[in-house]
Amino acid sequence: MHALVVYESMFGDTEQVARAIAEGLSTRAVVRVVSVDGAPTPVPDTVDLVVVGGPTHAFGMSRPNTRSSAARQDERAAGGTDRGVREWLAAAGPLHGRLAAAFDTHARTRLPGSAAGAIDRRLRHLGARIVAPAHSFYVTGMQGPLDSGERDRALRWGVDLAELAAAVPGRAG
Ligand SMILES: Cc1cc2nc3c(=O)[nH]c(=O)nc-3n(C[C@H](O)[C@H](O)[C@H](O)COP(=O)(O)O)c2cc1C
């Protein structure tokens, strides 16, 4: 099985989660993990499983104005304003026959909404078969860092995803 993990990250937290998920997936899959800036469009035919994640901004996926706002808040985010998962998904092409899953990072607050839910809906709309419910990983403040234990939780989710994907008939296990 070939897996592609695509992430957007302004302050580095979603990247850490994406890399941990990729490590978990690698128990059963050949994995490529790429920032949304360099992620291929359309998704190559060789990819069986697409895992897409980004930070929750303003109750959903980032937009150009929320990325600019992040860049004004912290220089770590300065390079990441051009393309987010929203824009990548718009160019990813139909995903019929592909397996997929969505994740996000989210502040531990009572703020509603999640980027993962929006990514999940978009992946379904593109025709992908969702292998696991959209998943959130938590940061302790609006600019991170990741809450303790979240990296390990991401790794375990990656292992679970690989098992769920391998169990789907018709895809390489
Ligand atoms: C402009 C902006 C809007 C945000 N809106 C939300 C929000 O609606 N809900 C939430 O839980 N976190 C929100 N956050 C916090 C982000 O989720 C947090 O920065 C992100 O998870 C960190 O991931 P990253 O390091 O990969 O960028 C917001 C952050 C920024 C910069």
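## Report on a predicted model

With 17 C-beta neighbours inside 10 Å, Glu23 counts as partly exposed. This residue of the predicted model lies in helix H1. Leaving out residues up to four places away in sequence, Glu23 touches Leu155 and Gly158. Glu23 and Gly158 are 135 residues apart along the chain, yet their C-alpha atoms are separated by 7.0 Å.

Helix H1, residues 13-25, also forms the middle part of a β-α-β unit: the chain passes from strand E1 through H1 to strand E2, and this crossover is right-handed. Strand E1 covers residues 2-7, and 5 of its 6 residues are buried. Strand E2, residues 30-35, runs parallel to E1 and is joined to E1 by 6 bridges. Within this pair, Leu4 stands opposite Arg32 of E2. E1 also pairs in the parallel sense with strand E3, residues 49-55, over 5 bridges. Here Val6 stands opposite Val52 in E3.

Two of these strands and the helix recur in the nonpolar interior. The largest nonpolar core holds 48 residues, of which Val5, Val6, Ile21, Val50 and Ile119 touch the most other members. H1 gives the most to this core, with 6 residues. The contacts of Ile119, not counting residues up to four places away in sequence, are Val52, Gly54, Met61, Val85, Leu89, Ala102 and Ala134.

Ala128 provides a contrast with Glu23. Ala128 is found in the loop between helix H4 (115-125) and strand E5 (129-130). Ala128 has 24 other C-beta atoms within 10 Å and is therefore buried. Beyond its neighbours within four places in sequence, Ala128 is in contact with Val50, Leu95, Arg98, Leu99, Ala100 and Leu123. From C-alpha to C-alpha, Ala128 and Arg153 are 24 Å apart in space, with a sequence separation of 25 residues.

The ligand is surrounded by 24 residues, and the closest are Ser9, Phe11, Asp13, Thr14 and Thr105. By class, this shell has 10 nonpolar, 13 polar and 1 charged residues. H1, helix H2 (64-73) and strand E4 (99-107) each supply at least two residues of the shell.

Some backbone features in the loops also deserve mention. One cis peptide bond runs from Thr41 to Pro42, and Pro42 lies in the loop between E2 and E3. Another joins Gly144 and Pro145, with Pro145 in the loop between strand E6 (135-139) and helix H5 (150-166). Two non-glycine residues with positive phi, Ala58 and Phe59, are located in the loop between E3 and H2. Ala58 counts as partly exposed because 13 C-beta neighbours lie inside 10 Å. Phe59, with 12 C-beta neighbours inside 10 Å, counts as exposed. The angles are listed below.

| Residue or bond | Backbone angle |
|---|---|
| Thr41 to Pro42, cis | omega near -10° |
| Gly144 to Pro145, cis | omega about -5° |
| Ala58 | phi about 50° |
| Phe59 | phi about 75° |

Key:
Residues are numbered from 1 along each chain as its sequence is written. This is a predicted model: local features need pLDDT of at least 70, side-chain atom pairs count only at pLDDT 80 or more; totals for chains, interfaces and linings use all residues. A residue is buried if 20 or more other C-beta atoms lie within 10 Å of its own, exposed if 12 or fewer, and partly exposed in between; C-beta atoms are placed from the backbone. Helices (H or I, at least four residues) and strands (E, at least two) are DSSP runs, numbered from the N terminus. Two strands pair if DSSP finds at least two bridges between them. A crossover is right-handed if, with the strands pointing away from the viewer, the path from the first strand over the helix to the second runs clockwise. A residue is near a molecule or strand if its C-beta atom, placed from the backbone, lies within 6 Å of it. Ala, Val, Leu, Ile, Met, Phe, Trp, Tyr, Cys and Pro count as nonpolar, Asp, Glu, Lys and Arg as charged, and the others, Gly among them, as polar. A nonpolar core is a set of buried Ala, Val, Leu, Ile, Met, Phe, Trp, Tyr and Cys residues joined through C-beta atoms within 7 Å. Two residues are in contact if their C-beta atoms, placed from the backbone, lie within 7 Å.
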